[in-house]
Amino acid sequence: MDLSKIVSISGKPGLYVVKSQAVGRLIVESVLDGKCTPAFARERMSSLEEISIFSVDEDRPLKEVFMMIHDKMGDKVDFDYKKATPEQLREKFAFVMPDYDEDAVYPSDMKKVFAWYQMLNDKGLLDFTVEEEKPEAETEAKEEKE
């Protein structure tokens, strides 16, 4: 799952897919409505690849949290996260990620994670196939033979 081309832009709703890069700006396409617009360097943008969720031990990358949601809930979030109370959000987030840091992850963060998951999954932008990693020794041996 590659989230490096998907960005969140501070002050703008939804998520955006980076389409191209120009001097001092990116051309992004809205995941919500498919419209292309420029995003300038002065705007605060965060790639979903760089976002992580605080846990008790160490931070978990967002794509790992998305995998956990998929494993526990499937393709659809099984509750209305838009109307959920903070207690309901905490309960559902704990179901998905039991080791999240209760003091550092706010209900607004939880709501955003569930909304992003549902939005990206509905548009077919999430891939949940697990890539098998080959041992390094095996890969190096093949390269030496060639």
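## Burial and the overall chain

A residue is called buried when its relative accessible area is under 20%, exposed when that area is over 50%, and partly exposed in between. By this rule E64, at 34% relative accessibility, counts as partly exposed. The structure described here is a predicted model, and every value that follows was computed from it.

The protein chain contains four helices and seven strands, and read along the sequence these elements follow the pattern β-β-β-β-β-β-β-α-α-α-α. Of the 146 residues in the protein chain, 34% are buried. Among contacts between residues at least 6 apart in sequence, 53% join residues at least 24 apart.

## Salt bridges around R60

A search of the whole structure finds seven salt bridges, and two of those described here involve R60. One of them joins the side chains of R60 and E64, with a nitrogen-to-oxygen distance of 2.4 Å. In the other, R60 pairs with D99, and the closest N and O atoms are 2.8 Å apart. This second pair links distant parts of the chain, since R60 belongs to strand β7 (residues 60-61) while D99 lies in the loop between α2 (86-96) and α3 (107-122), 39 residues apart.

The surroundings of these charged residues can be read from their accessibility: R60 and D99 are both buried, whereas E64 is partly exposed because its 34% relative accessibility falls between the two cut-offs.

## The salt bridge between K76 and D122

Another salt bridge is formed by D122 and K76, whose closest N and O atoms are 3.1 Å apart. Here too the pair links distant parts of the chain, with D122 in helix α3 and K76 in the loop between α1 (62-73) and α2, 46 residues apart. D122 has a relative accessible area of 47% and is therefore partly exposed, while K76, with a relative accessible area of 52%, is exposed. Turning back to the bridges of R60, salt bridges that share partners join R60, E64 and D99 into one network.

## Helix α3 and its packing

The 16 residues of α3 should span 22 Å at 1.5 Å a residue, and the C-alpha atoms at the ends of the helix are indeed 22 Å apart, so the two values agree. Buried residues of α3 include P107, M110, V113, F114, W116, Y117 and L120, and the buried residues of this helix pack against β1 (6-9), β6 (52-53), α1 and α2. After α3 comes G124, which has a positive phi, near 75°.

D109 also has its place in helix α3, but with a relative accessible area of 29% D109 is partly exposed. The C-alpha atoms of D109 and I53 are separated by 8.9 Å, although these residues are 56 residues apart along the chain.

## How α2 and α1 meet α3

The axes of α2 and α3 come within 9 Å and cross at roughly 60°; the two helices are therefore oblique to each other, and their crossing is left-handed. On the α2 side P86, L89, R90, K92, F93 and V96 take part, and they meet P107, M110, K111, V113 and F114 in α3.

The packing of α1 with α3 has an angle of about 75°, with the axes 11 Å apart, and these two helices are therefore roughly perpendicular to each other. The contact is made by L62, V65, F66, I69, H70 and M73 of α1 together with V113, F114, W116, Y117 and L120 of α3. V113 and F114 of α3 thus appear in the contact with α2 and in the contact with α1.

## M73 in helix α1

M73 is found in helix α1 and, at 11% relative accessibility, counts as buried. Leaving aside neighbours within four places in sequence, M73 is in contact with D78, F79, K92, F95, V96 and F114. Of these contacts, F95 lies 22 residues from M73 in sequence, and their C-alpha atoms are 9.7 Å apart in space.

Conventions: Residues are numbered from 1 along each chain as its sequence is written. This is a predicted model: local features need pLDDT of at least 70, side-chain atom pairs count only at pLDDT 80 or more; totals for chains, interfaces and linings use all residues. Side-chain values use heavy atoms; hydrogens and water are left out. A salt bridge is a side-chain nitrogen of Lys or Arg within 4 Å of a carboxyl oxygen of Asp or Glu. Buried means under 20% relative accessible area, exposed over 50%, partly exposed in between (1.4 Å probe, protein chains only). The expected span of a helix is 1.5 Å times one less than its number of residues. Contact means heavy atoms within 4.5 Å. Axes are lines fitted to C-alpha atoms, for helices over the stretch in contact, and angles run from 0 to 180 degrees between N-to-C directions. Angles under 35 degrees count as roughly parallel, over 145 as roughly antiparallel, 65 to 115 as roughly perpendicular and the rest as oblique. A crossing is left-handed if the near helix is turned anticlockwise from the far one by less than a right angle, and right-handed if clockwise.
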